[in-house]
Protein chains: 2
Amino acid sequence: MNKIDNPEKRIIEAAKQIFLEKGFDGARMQEIADAANINKAMVHYYFRSKDQLFNSIFMDTLNNNIPPVDDFVDSNMNFEQIICKFVDVYISTMMKNPIGPMFILHELNRKSQNLKQIAENFINKKYQKIFILLEKEIKSGKYPDVDIKMFFANLVSLCVFPFVAKPLMQIALGLTEDEYIQFLEARKKEIPKIMINYLKNNSTGC
Amino acid sequence: MNKIDNPEKRIIEAAKQIFLEKGFDGARMQEIADAANINKAMVHYYFRSKDQLFNSIFMDTLNNNIPPVDDFVDSNMNFEQIICKFVDVYISTMMKNPIGPMFILHELNRKSQNLKQIAENFINKKYQKIFILLEKEIKSGKYPDVDIKMFFANLVSLCVFPFVAKPLMQIALGLTEDEYIQFLEARKKEIPKIMINYLKNNSTGC
DNA sequence: AATCGTATTAACCAAGTAGTTAAATTATTT
DNA sequence: AAATAATTTAACTACTTGGTTAATACGATT
């Protein structure tokens, strides 16, 4: 039929689904073959080993679930608009594949240098610009006391954690599946509010 | 020697270490037995099956890595002090076992009803009081426009995410191991600042 | 010391596991 | 059409896995 109906594509789709759901250790090559409606030997024919197939899926997931935020950095938005856009793109991207973030973070916690190197290259390629821009904006006078690393950590924590901790958070907040989606959607407006408030004010805290 | 030197305790310690590091699917009964310096059959003798041993460890980790915040809710602190204390206890607890949070969240994402029930009971038992208290404080006039669920989600996200996402965040922020520990420590003061600022101000955001 | 329940071990088992292979089928080139 | 190359399959292999078992050592009670 369409371009998806060739063995390699079918394997990739099946592997993506199963690796993301079960992780490397929980995934079985046979199960991937079944899901791709294909003989197990074919999986090895196209991707030599489980490791190689996994790496391919991991990189793909990295590219499709961590949005390339650098892409909208050149536009002539002001600082606050950039934050709003960042949050919007980030959450929208993750909502398309809600288990992607947990998959990435779990595998990075488990495996060693190999995946970390892949992740490092990705970060360097896709997050350089926005980080530098944020730093310049912050230092340039408007918000001189803000720690750029803290700021970035806070921003990403608020965006990503509700995806990673979904099962527990859903229980703790007592939300149904639909309500949780609305909750995530509402955070697109909530998070910028927090971050901008934070920049404008410097209370003493504790 | 001490009370730790009996087979059951040794198995628990070994299993905790290996399950937390590798997850259920990555852990091997033989490896646990080896780490406990004991015959593999003994592991089954004390804990019938891998599932049963795992459940035991999971519950233990839940109790020792998600702090019982309800415990300091009765004291006569004001709202802001409670937030500060919450953050301090939370981060301190997690720093003692930094991979606990990822372990819990990953296993909840993977396994089904069984673990979720355990988690739900835990939440209901240990988070009822603080949630109600926060709600009462917020509604009682001081911060009437704040959504309690959003507030709670933000608070926990800021505390927990840097533990769950450590490998990636360490890369993105360019921090060494020691610097990352300092970074986590500094967040004990950073997070309350954000949350209190947020309560006091209601900007329009985007 | 004889008895009895508990703790411990080595050897074993059946069911998976990733990966291979050799033969068969299909597609492509000559 | 013949030859050659790429794709697909069933059967197989070597090894790992959770779990069992039957025999043995140990410790307390009598």
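This passage looks at two helix pairs, one within chain A and one between chains A and B, in a predicted model. Two packed helices are described by the angle between their axes and the distance between the axes, and both pairs are treated that way here.

Start with the pair inside chain A. Helix α5 (residues 79-96) and helix α11 (residues 177-200) of chain A have axes that come within 9 Å and cross at roughly 150°. Angles over 145 degrees count as roughly antiparallel, so that is how α5(A) and α11(A) run relative to each other. As for handedness, α5(A) passes α11(A) in a right-handed crossing. On the α5(A) side, the contact is made by A:E80, A:I83, A:C84, A:V87, A:D88, A:I91 and A:M95. Facing them from α11(A) are A:L184, A:R187, A:K188, A:I191, A:P192, A:M195 and A:I196. Sorted by class, this contact has 10 nonpolar and 4 charged residues, with no polar ones.

Now for the pair that joins two chains. Helix α6 (residues 100-110) of chain A packs with helix α6 (residues 100-110) of chain B at an angle of about 130°, the axes being 11 Å apart. That angle makes α6(A) oblique to α6(B), and their crossing is left-handed. Chain A brings A:M102, A:L105, A:H106 and A:N109 of α6(A) to the contact, while B:M102, B:L105, B:H106 and B:N109 come from α6(B). By class, the α6(A) and α6(B) contact splits into 4 nonpolar and 4 polar residues, and no charged ones turn up.

Conventions
Residues are numbered from 1 along each chain as its sequence is written. Chains are lettered from A and ligands numbered from 1 in the order in which they are written. This is a predicted model: local features need pLDDT of at least 70, side-chain atom pairs count only at pLDDT 80 or more; totals for chains, interfaces and linings use all residues. Axes are lines fitted to C-alpha atoms, for helices over the stretch in contact, and angles run from 0 to 180 degrees between N-to-C directions. Helices (H or I, at least four residues) and strands (E, at least two) are DSSP runs, numbered from the N terminus. Angles under 35 degrees count as roughly parallel, over 145 as roughly antiparallel, 65 to 115 as roughly perpendicular and the rest as oblique. A crossing is left-handed if the near helix is turned anticlockwise from the far one by less than a right angle, and right-handed if clockwise. Two residues are in contact if their C-beta atoms, placed from the backbone, lie within 7 Å. Ala, Val, Leu, Ile, Met, Phe, Trp, Tyr, Cys and Pro count as nonpolar, Asp, Glu, Lys and Arg as charged, and the others, Gly among them, as polar.
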